[in-house]
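Colleague: I should like to understand how this model is put together. May I put some questions to you about its sheets and its interface?

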Amino acid sequence: VIDTPICESAFTGAAVGMALDGMRPVVEFQFSDFLTSGMNAIVNTAAKMHFRHGLGVPLVIRAPAAGGFAGGPFHSQNPEAWFLRTPGLKVACPATAEDAGLLLGAAIADPNPVLFFEQKSLYTRVKGEFTYDSSAPLSGAAVRRPGSDVTIVSYGATLHLALTAAEGLADEGIDCEVVDLRVLCPLDFDTVAASVEKTGRCVIAHEDYPDYGVAAELAARLAGELFRALDAPVGRVGARFWPIPFSPPLEQATLPTAEGIAEAVRELARF
Amino acid sequence: VSDTVTYVEAIRLALRTALGDDERVLVLGGTSAVAAAPFGRPPACRRSSASSG
């Protein structure tokens, strides 16, 4: 364990060098918002080293992310989409305690640079079995709730909002299937597609902005590859498109809610 | 290994396991609190250091 000054550009660059020298560094950013300060080492060096020089960079970057605790605009962001369009990076965002252990072990064993997003509101709120298997794949979505009417795709803390919404909607006669992406890159589109082929309707819900991110990508792929299976437009639920406010009521009004997801599902169910 | 743990405890345990299993693994981070947090430093250290983040 190496205790470093708060200088993200320095400790990220050092970690890339350590990885190139045969180590397997696990870097913790205090808040993922400050990944910007390590961006060059991550995006221009670590992600491209294999393609430029044939060298692996087995680096894990732990990135505590997301809001819900009045952290304001610099300590509440969900920056996963910044990295999803960088070839050479893998991106994970576990929603459960089981996956937190399992996917972190898989990330450390992976020969590629991995962004490991830990949504902070999950830290003490969810419990589960601790599982560690360094040979586990760093890929694959999971169906957390089977259903037949509408697919809700989610990940991270919002998965639990989706499950809450699904439980409430069941009382209204709407049977939701909830898919947890778990790993955002590589994306397990097959599991999403299999669910949507069954239900014909899909809402994608995450805490990140629905614009230009995972929801936008999935909506485009569903429209392009499963158009004939869709009975309704693809719905997207996420944070309102402005910086996360300090004010708790404003933050609450900015972030997605279980009721917001439920309303998006009801709208699709009416088609 | 199997036990009921919180999300952050699962991360701590995974780090400990990786550090024990593979001598190539090392952990580095932005503050002493952050680097030590997976190994049992009281949460107050994380909070007090947040203002410097």
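Colleague: In what order do the seven strands of the open sheet stand?

Modeller: The model is a predicted one. Its seven-stranded open sheet has mixed pairing, and its edges are formed by β1 (2–3) and β10 (183–185) of chain A. Each of these two has a single partner strand, so one side of each is left without a neighbour in the sheet. Read across, the order is β1(A)-β2(B)-β2(A)-β3(A)-β5(A)-β4(A)-β10(A).

Colleague: Which residue of β2(B) is the bridge partner of A:Glu28?

Modeller: Strand β2 of chain A covers residues 24–28 and pairs with β2(B) in the parallel sense over five bridges. β2(A) is also joined to β3 (residues 60–65) of chain A by three bridges, again parallel. In β3(A), A:Glu28 stands opposite A:Arg62. In β2(B), its bridge partner is B:Gly29.

Colleague: What angle does the direction of helix α5 of chain A make with that of β5(A)?

Modeller: Helix α1 (residues 8–20) of chain A lies across β1, β2 and β3 of chain A together with β2 of chain B, and runs at about 165° to β2(A). Helix α5 (residues 97–109) of chain A packs on the sheet as well, touching β2, β3, β5 (114–119) and β10 of chain A together with β2 of chain B. The direction of α5 and that of β5(A) make an angle of about 160°.

Colleague: How much area do chain B and chain A bury between them?

Modeller: The contact involves 37 residues of chain B and 42 residues of chain A. B:Tyr7, B:Leu26 and B:Leu28 supply 25% of the area that chain B buries against chain A, more than any other three residues. Of the total area buried by the two chains, 64% is on carbon and sulfur atoms. That total is about 3,500 Å².

Colleague: Which element gives the largest share of the side of chain B that touches chain A?

Modeller: Between the two chains, twelve residue pairs are in polar contact, whereas the rule finds zero salt bridges across the interface. At least two residues of the touching side of chain B come from each of β1 (4–6), α1 (7–21), β2 (25–29), α2 (32–36) and α3 (43–50) of that chain. The residues of this side divide into 20 nonpolar, eleven polar and six charged. The largest share, eleven residues, comes from α1(B).

Colleague: Why does the salt bridge of A:Asp175 and A:Arg145 tie together parts that are apart in sequence, and how many residues apart are they?

Modeller: Over all chains, the structure holds 15 salt bridges. In one of them, the side chains of A:Asp175 and A:Arg145 meet at 3.3 Å, N to O. A:Asp175 lies in the loop between α6 (158–171) and β9 (176–180) of chain A and A:Arg145 in strand β7 (residues 142–145) of chain A, so the parts that the pair ties together lie apart in sequence by 30 residues.

Colleague: Which helix of chain A packs on the five-stranded sheet, touching β8, β9, β11 and β12?

Modeller: This open sheet of chain A has mixed pairing and the order β7-β9-β8-β11-β12, with β7 and β12 (235–237) as the edge strands. β7(A) and β9(A) pair in the antiparallel sense over three bridges, and A:Ala142 stands opposite A:Asp180 in β9(A). The helix that packs on this sheet has a direction at about 160° to that of β11(A). It spans residues 258–269 and is α10.

Definitions and conventions. Residues numbered from 1 in each chain as written. Chains lettered and ligands numbered in written order. Predicted model: local features only at pLDDT ≥ 70, side-chain atom pairs only at ≥ 80, totals over all residues. Heavy atoms only, no water. Contact = heavy atoms within 4.5 Å. Buried area = accessible area lost by both parts, 1.4 Å probe. Salt bridge = Lys/Arg side-chain N within 4 Å of Asp/Glu carboxyl O. Polar contact = N/O pair within 3.5 Å; in protein donor to acceptor, adjacent residues only side chain to side chain. Helix = DSSP H or I, 4+ residues; strand = E, 2+ residues; numbered from the N terminus. Nonpolar A, V, L, I, M, F, W, Y, C, P; charged D, E, K, R; others polar. Pairing = 2+ DSSP bridges. Axes fitted to C-alpha atoms, helices over the stretch in contact; angles between N-to-C directions.
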